[in-house]
Amino acid sequence: WTSNIYIALGGLICATFFFLVTQRNHIPKSAHLPPGPPGKPFTGNVYNAPTEHEWKTYTDWAKQYSDLVYIKVLRHPIVIVNSLAVAHDLFEKRSLVYSDRYEFPMMSDLYIGFDWAFGAMRYGDKWWRHSKMFYQNFHLAAVTAYTSIQEKWTKELLYRLHKSPDNFLQHIRHLAGATIMEIIYSIDVLPSGDPYIHLAEQATEAVLSAVIPGGFLVNTLPIFFSEIRTQVDARGRVQNQSPVWRQVATQMPVVPF
C-alpha cells in the first residue's frame, strides 16, 4: 500500500512538471515586480523560501532588496511586505485593491478545517458580514469598554515579570490569551496551564504551518494534490499533521462555550 502511494506521488510530480512546462505564467513578463532572491527554473524559490523563523529571512531580504520582496514558489507568486509604512499604504489607503486573501486549500475542510476563520476568508459577502460584526465591537470608540480588562491583565503581567522575568515570552502569551478570553467569552483563565490558551496556541501553530509559502504543495497546485489526503510539502516530504490540526480546528469555535 505504501509503495502505491509513492508511485502515485511520482506520477503527480511528473504531471506537475509537465504542467509547469506547458502552462503560460499568469504574470505578464512586462509586469514591474519588486526585487527578490533569484529562483530556479520551474520550482522558483521552493528551496530558499523559509519554512521556520520566516521573519528572520524576510528581514534579511528586506535589507538586501527592499521593503517589498517578490518570490515565487512553483507557480505561486508571493510579495512580502517588510515595512509598516508600506503595509499602511497598501492595505489601508488602497484597501479596495488589496483586501482579498489568497485561498489556502490546506486551510479548507478537506484538510485541517480552518475555513470558518474570519482571517482566512476570501473578500466577498461572507467576509463583509463578519467584518461588519467585528467592526461594531472593536472600532476605536467601542474598545474603550474593554479598558478595565486590559488594565487588569496588564497589572498581572507586571507582577509576573517581576516574579519571574526569565519567562518573558510565556507571560506575554498569557497576557494576550487572558485578555482575549475575557473580552470575547467572559472567561477568567488559569494562572498557568490554562486549557483555553493552550488550545489557542495549538491553533496558531496549525494555521501558521498550513500557510507557510511552499509549506504544502496542495496550496500551490491544488488541481493535483487536492485529490489525495496525504499532505506533501514543497520539498517532497510526506506530512501527516492534519488529523491533529483538524481536531484543534473543530474544538476552537465550540470549547469556550
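## Starting at R160

Let's begin with a single residue: R160 counts as buried, at 11% relative accessibility. Keep in mind as you look around that this is a predicted model. R160 has a charged partner, E156, and the closest N and O atoms of their salt bridge are 3.1 Å apart.

Why are E156 and R160 separated by about one helical turn? Both belong to helix α6, and they are separated by about one turn because they sit four residues apart there. E156 has a relative accessible area of 27%, so this residue is partly exposed, while R160 is buried.

## K152 and its two partners

Side chains of opposite charge can pair when their charged atoms come close. How many salt bridges does a search of the whole structure find? The search turns up four, and K152 is a good place to meet some of them. K152, E182 and D188 are linked in a network of salt bridges.

Take E182 to begin with. Its side chain meets that of K152 in a salt bridge, with 3.1 Å from N to O. E182 lies in helix α7 (residues 168–185) and K152 in helix α6 (residues 147–163), so this pair ties together parts that are 30 residues apart in sequence.

Now turn to D188. This residue forms a salt bridge with K152 as well, and here the closest N and O atoms are 2.9 Å apart. The pair links distant parts of the chain, since D188 is in the loop between α7 and α8 (195–210) and K152 is in helix α6, 36 residues apart.

Is each member of the E182 and K152 pair buried or partly exposed? E182 is buried, with a relative accessible area of 16%. K152 counts as partly exposed, at 34% relative accessibility. The cut-off for buried is under 20% relative accessible area, which is why E182 and K152 get different labels.

## A nonpolar patch on the surface

Next, let's leave the charged residues and look at some nonpolar ones. Which residues make the nonpolar surface patch of about 450 Å²? They are F91, L96, V97 and Y98.

Helix α4 (residues 95–98) gives the largest share of this patch, with three residues. Y98 has its place in helix α4. At 37% relative accessibility, Y98 counts as partly exposed. Residues in a patch need over 30% relative accessible area, and Y98, at 37%, is above that cut-off.

Note on methods
Residues numbered from 1 in each chain as written. Predicted model: local features only at pLDDT ≥ 70, side-chain atom pairs only at ≥ 80, totals over all residues. Heavy atoms only, no water. Patch = residues over 30% accessible without salt bridge, like charges linked within 9 Å, V, L, I, M, F, W, Y side chains within 5 Å. Areas by Shrake-Rupley, 256 points an atom, 1.4 Å probe, with all protein chains shown as cover. Helix = DSSP H or I, 4+ residues; strand = E, 2+ residues; numbered from the N terminus. Buried < 20%, exposed > 50% of the residue type's maximum accessible area, 1.4 Å probe, protein only.
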